[in-house]
Amino acid sequence: MRVVKVLQAAAVALMGIVAQPAMAEDDIGFSDQQTKRTVDIFTYGVSECAKVDLVYRIDCLRQTYSQTVRVISKASVYWEAEVALTRVNRGLYSFMRANTDSSLGRERVNGGRIKAVTQDSLPQAIQLYMAGADRAAEVMRSGSSIEVRYFSPIADAVEASKALLQ
């Protein structure tokens with residue numbers, strides 16, 4: 001008797017799943033507007049970072065990633081892209097904490113105050129950023145075809161930002 005009830009419950013659950021209407025691509029939460037907004041926030045931040053000295057760019061880029069993550073986190077289907085960008089942000093944050101040049105003051109850029117890295121740590125910072133940006137772009141291009149469609153412009157912007165440190 002107990003087995004019959006379990007099977008009936010499973011059948012009801014499966015019928016509920018099967019009876020769900022098929023979702024069109026437009027209905028799953030991705031949107032050109034969300035992708036464009038994310039890319040716009042990111043590219044604007046990068047353009048502002050281009051205006052500061054090289055030693056300040058690492059923290060400026062970190063803040064740009066942070067701002068971009070805040071925008072993208074509002075759309076749950078962008079979770080994979082959010083995680084990829086957050087990883088870069090956290091890596092830069094940890095690096096900044098360990099390698100801040102306290103002899104230089106802070107600069108105000110894009111609504112935030114940024115710190116400089118030490119001149120000696122700059123090559124390591126650049127290498128860290130390049131690797132993080134490559135990893136983030138790779139993650140955003142390795143999802144499902146629908147994810148790749150919406151994440152590729154974000155990945156392109158991330159890859160283009162590497163020119164800021166070259």
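A residue counts as buried here when its relative accessible area is under 20%. That cut-off is a handy way into this predicted model, and helix α3 is a good place to try it out. By this yardstick α3 is mostly covered, with 17 of its 19 residues buried. The helix runs over residues 54-72. How far apart should its ends be? At 1.5 Å a residue, the 19 residues of α3 should span 27 Å. The end C-alpha atoms do sit 27 Å apart, so the expected and computed spans agree.

Helix α3 also takes part in a covalent link. The structure holds 1 disulfide, and the partners are Cys 49 and Cys 60, with sulfur atoms 2.1 Å apart. Cys 49 belongs to helix α2 (residues 32-49) and Cys 60 to helix α3, so the bond ties together parts of the chain that are 11 residues apart in sequence. Is the disulfide left-handed or right-handed? The torsion about the S-S bond comes out at about -90 degrees, so the disulfide is left-handed. As for the surroundings, both Cys 49 and Cys 60 are buried.

Cys 60 turns up again when empty space is considered. Rolling a probe the size of a water molecule over the atoms shows where such space is left. A search of the whole structure turns up just 1 cavity of 30 Å³ or more, and its volume is about 30 Å³. Around this cavity sit Cys 60, Gln 63, Thr 64, Gln 67, Val 109, Asn 110 and Ile 114. Which element gives the largest share of the lining? Helix α3 does, with 4 residues. Sorted by class, the lining has 3 nonpolar and 4 polar residues, and no charged ones.

Charged side chains have their own story. Side chains of opposite charge can pair when their charged atoms come close, and the structure holds 7 salt bridges. One of them is in α3 itself: Arg 62 pairs with Asp 59, the closest N and O atoms being 2.6 Å apart. These two residues lie 3 residues apart in the helix, about one turn. Are the partners buried or exposed? Arg 62 has 15% relative accessibility and so counts as buried, and Asp 59, at 3%, counts as buried too.

A second pair involves Glu 48 and Lys 51, with the closest N and O atoms 2.9 Å apart. Here the two ends have contrasting settings. Glu 48 counts as buried because its relative accessibility is 14%, while Lys 51 has a relative accessible area of 62% and is therefore exposed.

Further along the chain, Glu 159 forms a salt bridge with Arg 141, again with closest N and O atoms 2.9 Å apart. This pair links distant parts of the chain: Glu 159 is in helix α6 (residues 145-161), whereas Arg 141 is in the loop between α5 (122-140) and α6, 18 residues apart. Glu 159, at 32% relative accessibility, counts as partly exposed, and so does Arg 141, at 30%. The pairing does not stop at two residues, since Arg 141, Asp 156 and Glu 159 are linked in a network of salt bridges.

How values were computed: Residues numbered from 1 in each chain as written. Predicted model: local features only at pLDDT ≥ 70, side-chain atom pairs only at ≥ 80, totals over all residues. Heavy atoms only, no water. 1 Å grid on protein atoms, 1.4 Å probe; cavity = no way out; pocket = protein on both sides within 12 Å on 5 of 7 lines; lining within 4 Å. Points joined across faces, edges and corners; volume = space filled by probe spheres on them. Nonpolar A, V, L, I, M, F, W, Y, C, P; charged D, E, K, R; others polar. Disulfide = S-S within 2.5 Å. Buried < 20%, exposed > 50% of the residue type's maximum accessible area, 1.4 Å probe, protein only. Salt bridge = Lys/Arg side-chain N within 4 Å of Asp/Glu carboxyl O. Expected span 1.5 Å × (residues − 1).
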